[in-house]
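This report describes how the strands of a predicted model are arranged into sheets. The sequence and the structure come first, and the description follows.

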Amino acid sequence: MNTDIPYKTYLSEDELPKAWYNVRADMKQKPAPLLNPKTLQPCTAAELEQVFCRECVRQELDNDTPYIPIPQPVLDFYKMYRPSPLVRAYFLEKALGTPAKIYYKFEGNNTSGSHKLNSAIAQTYYAKAQGISDITTETGAGQWGTALSMGSAFFGLKCHVYMVKCSYEQKPFRRDVMRTYGADVTPSPSMTTEIGKRINEEHPGTTGSLGCAISEAVERAVTMPNARYLLGSVLNQVCLHQSVIGLETQAALQKLGVKPDVIIGCAGGGSNLAGLIAPFVGEKLRGENDYRIIAVEPASCPSLTRGKYAYDFCDTGRVCPLQKMYTLGAGFIPSASHAGGLRYHGMSAMLSELYAQGLMEARSVEQTKVFEAAVQFARTEGTLPAPESSHAIRVAIDEALRCKAEGKAETIVFGLSGTGYFDMMSYGRFIDGNMSDTIPTDDELNASFAQLPQVNA
């Protein structure tokens, strides 16, 4: 094996990005604004500050500032686990027999097990600085809930997590990690909120969804004194914080003298993908470079590939603002797939606008194919990937095999957004041959689309 480039490339601590990159500043066509669900007018800062932290709202609405400084306390925390490595997948390349060069940005080297800590520590810092005492949130696979529990413990906040019910049942150790960091964890939909009671009544026996959990967390936040809601994906502020991933990736590739041809990331709500591709999209928008960018989503929850680009509620309970995005409908509850973090009915407004402009591609993949790729990656590269991340691995392998068939030595970069050590029930089901694929029918999606709100915008 000719390792002309190091297996792992690390930036130095001094090379850690000092500012987040705001992609929207370089977009000529900006993402559509959030709408107040009652007035259908763009949400004001004052309205959003009833739910979110003040500084997070400022970042959410900022379409013009290209670089936003990272506060020193957040930078200090980042230094505990960042910069993260850019890894050349030599062993996977050899196993595939491909001329392609494959790199992955590994974000699982922290206790939360994923990239989610990048935004969690920023949001909890802003909550603490504002004098907030309690924060609420939702979590799917559990990475975001874990990350926010860690940030809350670090800054002395009380954390209340609503975890999608199927993940709560599949991943008991994940919820106990959250509890270890001081959070209380409730399976969603629950009977502890009015919205949860209503969802359980309308969908008896439901396994839940991120949309359900969001509704419950928001209700809890607005009914508790001195509390705010913190979201782990979808919103502009979260995509902004995650840009540290792409900025590090860009710097490491430049250090190696490597220019990628294809950049691949898994996509549920969009935070990991948005963070990975941010500076590369910026280059595309400014006309400096071109790349193929591929978003990969589960076939069980295919918002980009089969959704409608329309205004929709951000939550199943229909109490949150409306966002223009690729959506399957706020009432869509996907099957209890094993990629719990990729079960949101919509996609980031920013990513949706980029996709609508043709600046990136999208693919949906079945979970059995995803776990085939995950096992192959684990057996060659040695790291056990999260099911969410394995969607990107699946398409990276497919692209590498395309290069093999076409005799092209393209450079592929993908995001390994987290580890899968709390997902062994899922791996066991796959290895035992007990995993199947559930894909929504056109009739099911059309029934959900029929419930989209009527917005003239």
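## The seven-stranded sheet

Seven strands, in the order E1-E4-E5-E15-E10-E11-E14, make up an open sheet whose pairing is mixed. Its edges are formed by strand E1 (8-9) and strand E14 (361-365), each of which pairs on one side only.

At the E1 edge, the neighbour is strand E4 (residues 86-88), and E1 and E4 pair in the antiparallel sense over two bridges. Within this pairing, threonine 9 has leucine 86 of E4 as its bridge partner.

## The four-stranded sheet

A further open sheet consists of four strands in the order E8-E7-E6-E9, and here the pairing is parallel. Because strand E8 (184-188) and strand E9 (227-229) each have a single partner strand, they stand at the edges, and one side of each is left without a neighbour in the sheet. On average, and with direction ignored, neighbouring strands of this sheet are turned by 20° against each other.

The pairing of strand E7 (residues 158-164) with E8 can be followed in more detail, since the two strands run parallel and are joined by five bridges. In this pair, valine 164 stands opposite serine 188 in E8.

## A helix on the four-stranded sheet

Helix H8 (residues 172-180) packs on this sheet, where it touches strand E6 (134-139) as well as E7 and E8. The direction of helix H8 makes about 170° with that of E7, whereas E7 and E8 themselves run parallel.

Note on methods: Residues are numbered from 1 along each chain as its sequence is written. This is a predicted model: local features need pLDDT of at least 70, side-chain atom pairs count only at pLDDT 80 or more; totals for chains, interfaces and linings use all residues. Side-chain values use heavy atoms; hydrogens and water are left out. Two strands pair if DSSP finds at least two bridges between them. Axes are lines fitted to C-alpha atoms, for helices over the stretch in contact, and angles run from 0 to 180 degrees between N-to-C directions. Contact means heavy atoms within 4.5 Å.
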